[in-house]
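Subject: Structure handover

Hello,

Here is the structure for your own work. Please open it first, then read the notes under it.

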Amino acid sequence: MQGDESLQIFVGPEGDCLPLMERGTCKLEDSHQWDCVLVADLQTQKNELQVQRQKQFLEKLKSKGFHFKIIKDQKKVFFGIRADSRIFDLYRTLLMKPEDPGPRAKLSNVNSIPVTTRIRIVSFVVNNKEKPGDTFEDLVKDGVFETMFPLHEVRGDKLKMGLRVGTRGGKPSSHGLSSVTQGEKELKRKWARWRNMFRKQPIDDIRNYFGEKVALYFAWLGWYTYMLVPAAVVGLIIFLSGFALFNSSQISKEICAAEDIFMCPLGENSHNYQRLSGLCAFAKLTHLFDNDGTVVFAIFMALWATVFLEIWKRQRARVVLHWDLYGWDKEEEEMALQLINCPDYQLKTHHHSYLSSTIILILSLFMICFMIGLTHALVVYRVMAAALFGSIMEHQVTTVVVVTGAVVHYVIIVIMTKVNKYVALKLCSFEDPRTFSERESKFTVKFFILQFFAHFSSLIYIAFILGSGCMMDLFIQMAIIMGLKQTLSNCIEYLHPWLAHKYRLIRAYKHGIESKDPDLEEWQRNYRMNPVNTFSLFDEFMEMMIQYGFTTIFVAAFPLAPLLALFSNLVEIRLDAIKMVRLQRRLIPRKANDIGTWLQVLETIGVLAVIANGMVIAFTSEFIPRIVYKYHYGPCAQNRNFTADCLEGYVNHSLSIFYTKHFQDHGKMGSQENVTVCRYRDYRNDRDYNLSEQFWFILAIRLAFVILFEHVALCIKLIAAWFVPDVPQSVKNKVLEDKYQILREKMWYGCSGSFGWGLVYVWGQ
């Protein structure tokens, strides 16, 4: 076949190997390393139109410098693809710096191209479009191809550690593959195993195999997990301190001894009075996390969130400097890939449409209102469940309603996650972002906002709308939702790909025939692994952002949240590692020098945490009413010589009086005693049941506390951010020294002829 002949696709008898490529150029059949593999169903070869579209697509890739090897098995057709070295020479030329190991690498290393870079460039060219309707995604939708994936590195026992991944002038080089294959083996041995749960992650090896984006995710997740240790310890101490005061709390003592105080019935369907002493256990449990230590822990977590982010920025700076990516330009990289794909590429400039922004804003607000409506549906459920369970278990009805409501909320979260992703994608498509990175950033913001309301709207309702004294309800809600997400979701996240992979292997071994072609065997092995997509890493990030929100935003009501997050992350790191290395196809490597928009999401969560925790302490807990009573209404305020507990009499002060004769169905009230007065939690007078003077005074103190708490916490955050610089001085000095050395090299070695010697002569004078 001559070099200028067009490529033809033939499918012979089953098991045939068809190395269809330009035999007049470079002979590549002997190499076992391919950049990616396309897969098509064997049935497509019976459709002339689909075969023609396959041929046109491959011809287009061939014209760009790609080589192919086509093999089929009983059901599939595999297209191995490898790019010519000219593509990577162009990549280096456009970016004006060698790729490996860094921007200032020596000339002897310019021919070395990392596998991750090869895969990234090839994947971009294959997937990117020159005109609408001819992308690989369009061909997949039309059934022309089934999928595309890069290969996990080949097995050393099947190959002889053959050829280098790059070619030069049509001749493959003979170095590099062995070390990369050894890298995969090392990842399986010391990273993707449950037994290595407490071992340090090999971030450099992850970067060399999966690219910088994945490596930065695991570097961030590892640092987040490490920083959870002090937060978990402090939260556990705060929680256990409640046990130390379990039986010594003055409020709990008064509640347990209140045999003569009857609480008013809750709801229209309840007609029985309950003795206040019956809430003894509930009061003691509430005191475990609604105590004076709650305020201290909330301020600590505000400081912790700031220190965590600031030190992470320093860690990131060290890592990307080590990778020689400190000054890497994302936009320059994307433009270079576009020019490699299409030399006639026209720059797509930034644009903004007020009309499209207004439409997106309206649609986003509609979705937010819809999720707030779901919260109201949960309120309706609580009322109906209270009526249903009230006749069955009257004394435990509140706990049952809260628990079942939390489970229903979790189910809503699972459903709305899929809906929110679909809506966010549609909104991004309508906005028409300029590049993939811009699209990813906009999608991240929209999806996170929708997910935030899906996860936290119910908690906001319980904390700030349901009323004061609902810390126990908020604690139960958070414990159940977070517990289910950290246990059930993680189990599904691991078992689903594991079972799917086993099922694929069983089907393949049951119906397949052992291949004698090592390439086909490797392609089949990779094909049987679970598919990945653009959102595979994105979903992991989103899962961690939501967990970070639970760990910080309402942590005042749930001090055990950091401890649960710590245990969950220790499992999550190895779970993700096992999925990526052993169960899933290889992710397309992405280059990056930070975690992108997720950093802004983390900073936003930190600010929201300060506001939310301040409001939880002020409006949900009993902290402010206790303080006001202690220093304004209580016995210590009236008598400075009072030696007993300053909260003595607080329970009676915090309960309002209601005369039972004012019940509309007073005759239906069931009671063994003649109850003329019942009590309820509020600050109202007993004449017309209007809000009392104490209510307005305490409300003013609550508002003042929120303002003071938020300003103090935000000031602490700002001081901590100033005190801990984003970039270490060692990194700044290294970057400065590199710039200085480059200028000196240009001055002494970049000057030519007599001009350079002239500089020496002049300065020598």
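The notes below cover confidence, the annotated spans and one loop residue.

This is a predicted model: local features need pLDDT of at least 70, side-chain atom pairs count only at pLDDT 80 or more, and totals for chains, interfaces and linings use all residues. Residues are numbered from 1 along each chain as its sequence is written, and side-chain values use heavy atoms, with hydrogens and water left out.

Confidence. The chain's average pLDDT (the predictor's confidence in each residue, from 0 to 100) is 81. Of the residues, 83% score at least 70. Two stretches stay under 50: residues 98–111 and residues 155–181. For contacts (heavy atoms within 4.5 Å) beyond four places in sequence, the model has 27 for residues 98–111 and 49 for residues 155–181.

Annotated spans. An unreviewed UniProt entry gives "transmembrane region" for several spans, including 294–312 and 545–571. Such annotations may be inferred rather than shown by experiment. Residues 294–312 are 100% helix (DSSP runs of H or I, at least four residues), with end C-alpha atoms 26 Å apart. Residues 545–571 are 70% helix, and their end C-alpha atoms lie 16 Å apart. Strand (DSSP runs of E, at least two residues) is 0% in residues 294–312 and 0% in residues 545–571.

Threonine 435. This residue sits in the loop between α13 (397–431) and α14 (436–465). Threonine 435 counts as buried (under 20% relative accessible area, 1.4 Å probe, protein chains only) because its relative accessibility is 17%. Its C-alpha atom is 9.3 Å from that of methionine 335, 100 residues away along the chain. The threonine 435 side chain also makes a polar contact (N or O atoms within 3.5 Å, one able to donate a hydrogen and the other to accept it; residues adjacent in sequence count only if both atoms are side-chain atoms) with the side chain of glutamate 334, at 3.2 Å.

Best regards

Definitions and conventions. Buried means under 20% relative accessible area, exposed over 50%, partly exposed in between (1.4 Å probe, protein chains only).
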